[in-house]
Amino acid sequence: MDFQLVSDFGPKGDQEQAIAKLVKSIKAGNRHQTLRGVTGSGKTFTMANIIEEIQKPTLIMSHNKTLAAQLYSEFKAFFPNNAVEYFVSYFDYYQPEAYIPRSDTYIEKDSSINEEIERLRLSTMGSLITREDTIVVASVSCIYGLGNPQDYKDMMFGVSQGEELGRDEFLTELVNLLFERNDISFQRGNFRVRGDVVEVRPAYLEETAIRIEFFGDEVDRISSIDTMSGQMIEEMTHYVFYPAKQFVSSKEKLKSAMVAIRQELDDRIAWFEKNGKLIEAQRIRMRTEYDLEMMQEMGFCQGIENYSRHITGRNPGDRPYTLLDFFPDDYLLLADESHATLPQVRGMFEGDKSRKSVLVDHGFRLPSAMDNRPLRFDEYMKMTKRRLYVSATPGPFEIVNSRADNTTFIPIKSRKEDDFDPTFFKRLTIQASGSTEDLEDFDVSRSGGQLIVEQIIRPTGLLDPILTMRPLKAQIDETIEFCQQRVEKNERVLITTLTKKTAEDLTEYLQGVDLKVRYIHSDVDAIERVEILRALRAAEFDILVGINLLREGLDLPEVSLVCILDADKEGFLRNETSLIQTAGRAARHVHGECVLFCDTVTDSIQCLLDVTEYRRGVQQEYNEKHGITPRSVKRAVQKSLHDREVTSQTGQALNSSLVAEDEMVFNAVEVIREMEEEMQKASAKLEFEKAAHLRDQIKELKKRAGIEQPKPKSRGPVTLKLAKKRGKGQ
């Protein structure tokens, strides 16, 4: 089926010209193009129109789960007749396996898998293999190791009505696809048998199961049924079953892999013993033999992904198979908030490598575990042929490559560590064609037809905030005066500082002059940060002080004033990108204003002034031409995560954020059961903050009620052995 965009409205403002230019560039074969769109200009709708025009399978990457969930919902609404899938990490909680040598502490992998997200991941893999009209919204999880798509295809098993197929033969095929028999609890990935009727619940379907009815050695009828009522939904003539797990392989490949793993184990033990590392040799022997026994008996083991190089038949150092391998060669990549997404992709490999190197060196994993890794950035770029970077403040990588030759990409290296500030291009170096040259010598005429397209018209008519510069000398006193003026109008204020200590001290000082103010920074719990932002919008307080208030997705329509203290202190928090993003927090209010306290006009401040003046001029001209009156963005305040109440046996309502006072007696088991159900529902709706908040409260309730927490599953005797402390003489 073709991609069909369904919407009650069409492109407005400068969306139409942006769509036309970008589609032309992509169809011309250019590999890099950038959409520089201001907040509120409808970048998501532009992306949807581009997908409809290009008519190719599309991967939309976001740098966090919450924004990915938002994009997933929007694109499902835009493309109701196509396969819109969601692929993010399926862990609600994840503690990676690690070892700390200085304290001889081994941390076993511990995780809580979200079954709904696992279903969506399996659905994604199935759609990419069987459909051409697939849009996948993914996080950086898509660059991590996954099974071989060819193995996944080879293991798919189809049945047809009237086909000659025995019941026992069909059950054997289901087991090969890693389905488990369970005649009592009919969960995803299970099947149950009732005489000549087999009911299978595929892991990728939501509330649907498949019923296969046999007549002798013939498939008599195939139908889909509702898992709750058992009622038939529809009758089918054919159905294809996908594997029930993401990491699958044929029996032949698994046997060959076990031989290779055994050989690597023998070599590793010999190396440890030769170098006098007897404890490490014992560790690796016990762990690997336990895993091999599980693979022999069950066809699977915990942490089987660490043996993926052997199972997929790759050579040492070869890149892993990832979700990108499930796409055809001509797919389209849309990198949303690219200035944050691409650096995240760039940083994944080294972090994973440093952790696993320690595990390998100390005998917890075989060296082949190093090949179970995320893609390196150069591998990621080679696997993405046509890319569109979308951001209000694209980074230097996007800007340079969108103006560069279209046959390759140019990785940017900074002379200052982690300095990716577009205003300092002359300090950056570009590695191209095997040579290094300064950016000031870079010839932008080699554009190859590629371009950066601006989209700065907001349909609401809102202009960029007014910029005001004030001297540093009296910045605190003037900030108080500005805040009081906004509070009188029932408007909100953001204040940014340079350090956590300053944020806390300023909050205390402002509270001393009768202002309702709170602070937020990285030491504040993630769930509490969500609550603070909700409370600001709900007018529970008026002023928020923070360090880095430019986070993507920070949508606060009630904020009319942003005060940037020490704006002339050049650095990460006061570069061009940071200033533009921070000032943009006031761009959703008709009275938006940004005050910069500075004694000198830095290059970054000047860039902000120029960009804002240009954008305001374009928007003002458009408003006058079309008779548009700017209006503030209106959006409902989200419900508090603390709103859920639990009830004691005496009928007294207890706010769940307080959990329970010690002297209060209530049915903790029943409350915990209800909260766990609500947590699962929140996860299914992709409301991750709410789910995490409920998870933490469940833990606290169990602790106070004296209910024992479930222990992580043992990985065999090796767990006890590794936990022991080294003694003298060992």
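Where in the chain does G166 lie? In this predicted model, G166 sits in the loop that links β9 (157-160) to α6 (167-176). The residue is buried, with a relative accessible area of 12%. Leaving out residues up to four places away in sequence, G166 touches F214 and D217. One of these partners, F214, is 48 residues away along the chain, yet the C-alpha atoms of G166 and F214 are separated by 7.6 Å. This loop residue offers a friendly way into the model, and the wider picture follows.

The protein contains 20 helices and 30 strands. Of its 730 residues, 52% count as buried. Among contacts in the protein with a separation of 6 or more, 72% are between residues 24 or more positions apart. The pair G166 and F214, 48 residues apart along the chain, illustrates such a separation.

A second buried residue is R268, which belongs to helix α7 (residues 251-274). Its relative accessible area is 12%, and because buried means under 20%, R268 falls in that class. Which residues does R268 contact, apart from its neighbours within four places in sequence? They are V360, D361, L366 and P367. For V360, the separation from R268 is 92 residues in sequence and 9.9 Å in space, taken from C-alpha to C-alpha.

Attention now turns to a sheet. Six strands form an open sheet in the order β23-β28-β27-β24-β26-β25, and their pairing is parallel. At the edges lie β23 (466-470) and β25 (517-520), each of which pairs on one side only. From one strand to the next, the twist averages 20 degrees. At one end of the order, β25 pairs with strand β26 (residues 543-546) in the parallel sense, over four bridges. Within this pairing, R518 has L544 of β26 as its bridge partner.

Two helices accompany the sheet. Helix α16 (residues 576-583) packs on the sheet and touches β24 (492-496), β27 (559-564) and β28 (593-597). The direction of α16 makes about 150 degrees with that of β27. Helix α17 (residues 603-626), in turn, lies across β23 and β28 and runs at about 150 degrees to β23. The strand β28 is thus touched by α16 and also has α17 lying across it.

How do these two helices meet? In general, two packed helices are described by the angle between their axes and the distance between the axes. For α16 and α17, the angle is about 45 degrees and the axes are 8 Å apart. The two helices are therefore oblique to each other, and α16 passes α17 in a right-handed crossing. On the α16 side, the contact is made by E576, L579, I580 and A583, while α17 contributes S604, I605, C607, L608, V611 and R615. By class, the residues of this contact divide into seven nonpolar, one polar and two charged.

Another helix pair lies earlier in the chain, formed by α2 (residues 43-54) and α3 (residues 65-78). What angle do α2 and α3 make, and how far apart are their axes? These helices pack at an angle of about 50 degrees, with a distance of 11 Å between axes. That angle makes α2 oblique to α3. The crossing of α2 and α3 is right-handed. Here α2 supplies T44, F45, M47, A48 and I51, and α3 supplies L71, E74, F75 and F78. This contact of α2 with α3 comprises seven nonpolar residues, one polar residue and one charged residue.

Two loop residues deserve a look for their backbone. Most residues other than glycine have a negative phi. Q55 has a positive phi of about 60 degrees although it is not a glycine. The residue lies in the loop between α2 and β2 (58-61). Is Q55 buried or partly exposed? At 29% relative accessibility, Q55 counts as partly exposed.

E337 likewise has a positive phi, of about 50 degrees, and is not a glycine. The loop that holds E337 joins β17 (332-336) to α10 (338-361). With a relative accessibility of 15%, E337 counts as buried, whereas Q55 counts as partly exposed.

Technical notes
Residues numbered from 1 in each chain as written. Predicted model: local features only at pLDDT ≥ 70, side-chain atom pairs only at ≥ 80, totals over all residues. Heavy atoms only, no water. Pairing = 2+ DSSP bridges. Axes fitted to C-alpha atoms, helices over the stretch in contact; angles between N-to-C directions. Contact = heavy atoms within 4.5 Å. Parallel < 35°, antiparallel > 145°, perpendicular 65-115°, else oblique. Left-handed = near helix turned anticlockwise from the far one by under 90°. Nonpolar A, V, L, I, M, F, W, Y, C, P; charged D, E, K, R; others polar. Buried < 20%, exposed > 50% of the residue type's maximum accessible area, 1.4 Å probe, protein only.
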